[in-house]
Amino acid sequence: MLDQLKQTITPELITQAQTYFEYRELVKQLVLENKTTGPNQSEAYLEYTRMAAQRMHRWDKTAKVSSEMEDLIRDLPPQIWLVITEAWCGDAAQTIPYMNKLSEINPGIQLRMILRDENLEIMDQYLTNGARSIPKLIALSPGLKKEYFTWGPKPQFLLDRQRAYKLDPQGLSSKEFTEGTHLWYARDNNQSLEKELMDRIKEAFIL
């Protein structure tokens, strides 16, 4: 992995990657222009993007970080959190705002966004069961010599739920299944995401 990192995740890539604010502004502008990122510009993907913008706006205002997580994040050494995403991605809209809340606690954490379909060489190093699933968070040392941890594309409960649905839909349409996913995110209130990130951080830094 380290040799691949040197070839594909470069200082130039990090410099050109978007901050969370820039990414949010991009999504807002795309909604105004009735566009999205990536090659699929179907009405369905345009609607996904509009919904993603609304969800990020809501989480920007309501996402909370526990005191335990806040203490953990504050003590972390400088690092880069690179997130692979797309404007239309529902899971990204539900999770990236919380990652941003964490990065705001520690000025040593640089949160940066890159688009999946413009960076497939990187995406293909971080597949989930062979799929280009996003978002994907990659925590790296400032010099890009070490990968601390990864997370994504969604909390484990939803990964398990998706696997079960593929085996047996139990009469649920794709639309109903997706609505159930976003209802779960709203009820979970980032608690599962927080715990999973906390576990990865503690393991990476032996805390």
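The exercises below, each with a worked solution, explore a predicted model.

**Exercise 1. The enclosed space**

Task: Find how many cavities of 30 Å³ or more the whole structure holds, and work out which residues line the largest cavity.

Solution. Begin with the search of the whole structure, which finds one cavity of 30 Å³ or more. The volume of the largest cavity is about 50 Å³. Next, look at the walls: the lining consists of Trp59, Gln94, Thr95, Pro155, Trp184, Tyr185, Asp188, Asn189, Asn190 and Leu193. Then ask where these residues come from: helix 6, spanning 90-105, and helix 9, spanning 174-188, each supply at least two of them, and helix 9 gives the most, with three residues. Finally, sort the lining by class, which yields five nonpolar residues, four polar ones and one charged one.

**Exercise 2. Two helices that cross**

Task: Describe how helix 4 and helix 6 are placed relative to each other, and state which residues meet between them.

Solution. Start from the axes: those of helix 4, which covers residues 43-62, and helix 6 come within 8 Å and cross at roughly 30°. The hand of the crossing comes next, and helix 4 passes helix 6 in a right-handed manner. From the side of helix 4, the residues taking part are Ala52, Arg55, Met56, Trp59 and Asp60, and they meet Ala93, Gln94, Pro97 and Lys101 of helix 6. By class, the residues of this contact comprise five nonpolar, one polar and three charged. As a last step, compare with the first exercise, where Trp59 and Gln94 appear in the lining of the largest cavity; these two residues also take part in the contact of helix 4 with helix 6.

**Exercise 3. The open space**

Task: Determine how much space lies in the largest pocket, and which residues lie nearest its centre.

Solution. The space in the largest pocket amounts to about 1,100 Å³. Its lining has 32 residues, and those nearest the centre are Gly90, Asp91, Lys154, Gln162 and Thr178. Helix 4, helix 6, helix 8 and helix 9 are the elements that give two or more residues to this lining. Sorting the lining by class then gives 12 nonpolar, nine polar and 11 charged residues.

**Exercise 4. Buried or exposed?**

Task: Decide whether Leu159, Thr181 and Leu167 are buried or exposed, and place each of them in its helix.

Solution. The reasoning needs two cut-offs, since buried means under 20% relative accessible area and exposed means over 50%. Leu159, in helix 8 (residues 156-167), has a relative accessible area of 15% and is therefore buried. Not counting residues up to four places away in sequence, Leu159 touches Pro153 and Lys154. Thr181 belongs to helix 9 and, with a relative accessible area of 10%, is buried. Leaving aside neighbours within four places in sequence, Thr181 is in contact with Asp91, Leu158 and Arg161. Leu167 is also in helix 8, but its relative accessible area of 74% makes it exposed. For Leu167, the distance to Val27 can be added: the two are 140 residues apart in sequence, and their C-alpha atoms are 34 Å apart in space.

**Exercise 5. Backbone exceptions**

Task: Identify which residues the cis peptide bonds join, and then examine phi at Leu144 and Gln170.

Solution. As background, most peptide bonds are trans, and most residues other than glycine have a negative phi. Against that background, the bond from Ile134 to Pro135 is cis, with omega near 5°, and Pro135 is found in the loop between helix 7 (120-123) and strand 3 (136-140). Gly152 and Pro153 are likewise joined by a cis peptide bond, with omega about 10°, and Pro153 sits in the loop between strand 4 (147-151) and helix 8. Turning to phi, Leu144 has a positive value near 60° and lies in the loop between strand 3 and strand 4, where its relative accessibility of 7% makes it count as buried. Gln170, which is not a glycine, has a positive phi of about 50°; its place is in the loop between helix 8 and helix 9, and a relative accessible area of 66% makes Gln170 exposed.

Note on methods. Residues are numbered from 1 along each chain as its sequence is written. This is a predicted model: local features need pLDDT of at least 70, side-chain atom pairs count only at pLDDT 80 or more; totals for chains, interfaces and linings use all residues. Side-chain values use heavy atoms; hydrogens and water are left out. On a 1 Å grid over the protein atoms alone, a cavity is a set of points where a 1.4 Å probe fits but cannot get out, and a pocket is an open set with protein on both sides within 12 Å along at least five of seven lines; lining residues have an atom within 4 Å of a point. Grid points are joined across faces, edges and corners, and a volume is the space filled by probe spheres set on the points. Helices (H or I, at least four residues) and strands (E, at least two) are DSSP runs, numbered from the N terminus. Ala, Val, Leu, Ile, Met, Phe, Trp, Tyr, Cys and Pro count as nonpolar, Asp, Glu, Lys and Arg as charged, and the others, Gly among them, as polar. Axes are lines fitted to C-alpha atoms, for helices over the stretch in contact, and angles run from 0 to 180 degrees between N-to-C directions. A crossing is left-handed if the near helix is turned anticlockwise from the far one by less than a right angle, and right-handed if clockwise. Contact means heavy atoms within 4.5 Å. Buried means under 20% relative accessible area, exposed over 50%, partly exposed in between (1.4 Å probe, protein chains only).
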